[in-house]
Structures are given as structure tokens and as C-alpha cells.
2 protein chains.
Amino acid sequence: MTQTPSAKPRKTASTAAGARKAGRGPAKTDMAGIAAVDGGADVEQRIYQSVFDGVLNQRLPPGTKLPEPALCSLFGVSRAVVRKVLQRLEHDRIVELRPNRGAVVAAPTPEETRKIFEARRALEAALVELAVQRHSGKDIEELHALLHQEEEAMANAYQPAWAQTARNFHLRVAALGGNPILLAYLTELISRCSLIVALYEPAGNAACEHEEHCDIVDAISKGDAKRAVAAMNAHLVGLEERICLERPSSVKTLAQMLNLA
Amino acid sequence: MTQTPSAKPRKTASTAAGARKAGRGPAKTDMAGIAAVDGGADVEQRIYQSVFDGVLNQRLPPGTKLPEPALCSLFGVSRAVVRKVLQRLEHDRIVELRPNRGAVVAAPTPEETRKIFEARRALEAALVELAVQRHSGKDIEELHALLHQEEEAMANAYQPAWAQTARNFHLRVAALGGNPILLAYLTELISRCSLIVALYEPAGNAACEHEEHCDIVDAISKGDAKRAVAAMNAHLVGLEERICLERPSSVKTLAQMLNLA
DNA sequence: ATTCTTCAAATCGTCGACGATTTTATGAGC
DNA sequence: GCTCATAAAATCGTCGACGATTTGAAGAAT
């Protein structure tokens, strides 16, 4: 509701004459070619990212409905593409698609949360072990650079920024494992974890987490697989334990939540 | 306008079910049973399964094109639903969706194959370790039942049947781990592995694999986590090593490959 | 005869529309 | 005043259609 009905697709042309370029395919309309990359080329990614960021920044609390017509007019595309994005979001467990009842932001249950963290521990343990075997000196340098970024983000005290750097760190460590498949699975899990952490984390243990990250890098750089796995496990267990169950709520329009308009 | 309150498009009346996942919620069994379960209820699952089985049984070799219009007329649905299924198949890495160029059956490269098996070893190791902790006596009985099925399938000498039982075994062991997320990931990986094995396996080592399965169950039943993980790892390494690179090819129509018509 | 150009056929991406289902608003009945 | 039945609105699932892109083949030039 409260939907401003003024938004309309840029070019409908429909049945009337002069429909020179009515049906816009994946063509970038060969403009200057610059803005096309982010502007009109991959609209799907933009929608996905908007919803994803909205969920991560708590503008879209769990249970928020995401009606297809609303997203259509917000992004100026047809339902076909919106529906495709929603399917991808459902697959990544960001939203839940209830048949004939629309899409809502996923609300992980405590039990689900436990399983997610358990799965994440298993994957990160395996990947850290691979990382110890396969890392090079240059990799360690890059990890140290990331740790430095974390310190800056900590000073900033803006939680989403810190969460972003922390996520980057874990993904980078996982990338050292050299297995794209496990990395893809872990990326999915880290997204879901971030979603949960963004909801429940009291926000204020960044320093503690940063210390643990440093431990992990130290163990990897020394080639101590056992200690690296143990440090990662301890870090993840600590992260899970810091979660408490409180859920803020607010009432805004979908456009506001998506940081549009 | 638009009278005809009773006239319906040719094949409707039941297509509106539209449940996406395997779990079908509202069971409207009032239609006196028209084989709705397999006939016209969940068409998407039927299409998915047809392609999946076709790939697994080598009727659909890698690189086979899957044009949307062909699938549409084969299954009597519109392109929207076919497209949805193809997206799901792409996500599960069964097919590859090239923009504007159609879908083809995925052809895993040797490098990819190595990574897939590596990921699978990591996941199954973690799950077997969980299974050792959480299994009950009844679970062991069921595993023994599965092993007995394997012996029957071995005598049958029909490779797809054996592959099916072997897959069941791994999935059942993984289910004992009690983590639906890891189980889902492993299901995906086992599908991809089966696809690869179906392509390359010389077919004839069933007895050897069965022995290794027995070892795994034995270790689990005795609560020996270390040995269970080692047995699983050895089993998977052996499976990977038995793969050679030969690829049969034949020329049939899509309908024949899908075992229709 | 080979190669490049040109054209037609096949196929894909997106759109608007229609029926079916769910949700919400309204009014009768207790 | 509250509850339940009814109707209207909103939303979802599917379909056919249109334009754009790719593919494959026919024809001209060297």
C-alpha cells in the first residue's frame, strides 16, 4: 500500500505505432557504453544487491513482504525479471517464496541458526586446512592488509562497514583454500550468517573478533594447521555465542527500506 | 465480457497447483485420483527429473543442447515454466545457461572434477564425523539394510541401478549427521559426481565399492570417528582414481534421450 | 573450389494479459 | 461489541507475443 503510481517503465510503446525499440532485450543499447555496466545492463544484479543490502543493514526485517508489482515499479522492469531475481534470492535463502502467497524476507529460526553455524564451522575448518597447505607469502601479506582495514573499520564504529570487512576477511581466507565449490558454499553461508548477526548481534565485540582474526592469520602463516583450524573454530563458536535474541522493528515503505526514492 | 465461466484452456484444471519444491503442501485429492502425483501435479519436478535422469543415464551427453521450445512441446507447458526449471538445473550445475545461446548439458572439465571430489571429501568427512556422534542403533540397522540392497543391485549388473543404491547409501550416511544444510550441499555434489562417474566410470568396481561401504558402516557403528573419516576418504579417493577419460557419443533426438515418446 | 557476405530460420529475453488464489475490507447476525 | 460470511482488491502462476540475437545455409566474388 501507499504506492505512488507514477513510476512507469521507461519505454513502453506497447501496441501503438513507432515501437522502434520497444522490447528491450539484453542489449545495452550501445550507448557510450560506460553507464551501461551499472545502469541498464545488469538490472538483475542491481535488484538482488538492493534487497541483499537492505536485509543486511536491517532495513528489511525478517518477514517483510516483497510484492512483485512493487519491485517492478521500483526498478522499472517487468515481473519476469523480478521473479527471476526472487528465485535466486530464495535459493540463497535470503527470502522465502511461499506458493501463491508472495516472497518475504527469510527469518531463520534458532534451530536453523545453529545448523547454519555448524555447517559454516565445518566448511571453514576444511578450507582453512587447505589454506595452510596452499598459501603463499604474498597471500599472508594480503591478509595482513585486510587486518589493517579491519582496524580502520573498528575505529569507524559504523557496524555495517565493520561487518563488511569481517566478511571479506573470511572469504579471503577461504579463497586461499583454492576450491571454488567450497568457496561458493561458504559464501552462501556467510551471507546467511551476516543476516543473522546483523539481526541479533549487540554490536560491540569487533575488537574481540579482530584479535581472533589475527590469531588465525598467525597460525596460517606458520603452517600450523591444527592451530589454524582450532582458532577458526573458536572464533566461530564465539561469534555464535555472542548472539542474543532481540529483533528491532520499524514501519517504512519498501522504497525507503531499499534506500531508493 | 469474457464469459465462458466453465470453458478452460486445454490442459488446465490442475496445472494451477504450481508448487515449487518437492514438498507439496495443499493436497487436493478430490479429483478421484488421476495419477496426479506423477501425471499433472508438479510438472516442474517432472521436467527436472527427466533431464536429470537423462544426464545420469548417459542419454544426454555433455554439450547436448536443450532448446526451450523443444522442452515446451515435449512436456506441454509454456516457456515460463521450462525456463524456471532450466534455471534450477543451472544452479545445480547440471546444465549450463549461455546468455542468448541456450542451455546445454554441463561438461565438467578434469580440473573441475578434481575440485568437486575435493569438496565432496571435505563435506562427507565432516558429516561422517557428525554421524559417528549422533547415530543411534536403529540408524545402523537401516544402513545394513541399504548394504543388503547394494548386494542385490550388484548381482543385477545394471549400472544405473547400482549407482542409485550407492548414492542412497552416501546420502543416508550424510543424513545421520543431522545437518540439513550440509546435507543439501552434499546432495548437490553427489549429483555432480554421479554425472561424472556415469560418464567416465568403466563400470565394474561395484564389489570393491561395496566393501568400502561396509567398512564405513562398521567404523560408524563402533563409534570410531577417526577410522570412519579415514574409510570415507579412502573410498572417495578410490572412486576418483577409477575414473578414466572416455566419452561415448550418439545421435538421437531429444525425445529419445529423455525417454519420452 | 574456397571464402566471405547476406539472408532466412531458429532461439532467447522481456513484456503485457488473463485466470486462480490469497488477502483484506465490508456488512449481517448473535 | 464481537464473530462469521460475503465481496472486492491485491497478488501470484501461467500463457502467448514481440523484438533482438544467434545460428545455419545459400549465393557472390576472388
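Here is a short conversation about salt bridges and DNA contacts in a predicted model.

User: What is this model, and how are residues and chains labelled?
Analyst: It is a predicted model in which local features need pLDDT of at least 70 and side-chain atom pairs count only at pLDDT 80 or more, while totals for chains, interfaces and linings use all residues. Residues are numbered from 1 along each chain as its sequence is written, chains are lettered from A and ligands numbered from 1 in the order written, and side-chain values use heavy atoms, without hydrogens and water.

User: Why is the pair A:Arg242 and A:Glu209 called a salt bridge?
Analyst: A salt bridge needs a side-chain nitrogen of Lys or Arg within 4 Å of a carboxyl oxygen of Asp or Glu. Here the N to O distance is 3.7 Å, so the pair fits that rule.

User: What makes A:Glu209 count as buried or exposed?
Analyst: Buried means under 20% relative accessible area, exposed over 50%, and partly exposed in between, with a 1.4 Å probe and protein chains only. A:Glu209 has 6%, so A:Glu209 is buried. A:Arg242, at 16%, is buried too.

User: And why is A:Lys138 called exposed?
Analyst: Its relative accessible area is 55%, so A:Lys138 lies over the 50% limit.

User: How do you know that A:Arg101 makes a polar contact with DNA strand C?
Analyst: A polar contact is a pair of N or O atoms within 3.5 Å; within protein, one must be able to donate a hydrogen and the other to accept it, and residues adjacent in sequence count only if both atoms are side-chain atoms. A phosphate oxygen of the strand is 2.3 Å from a side-chain N or O atom of A:Arg101, so this is a polar contact.
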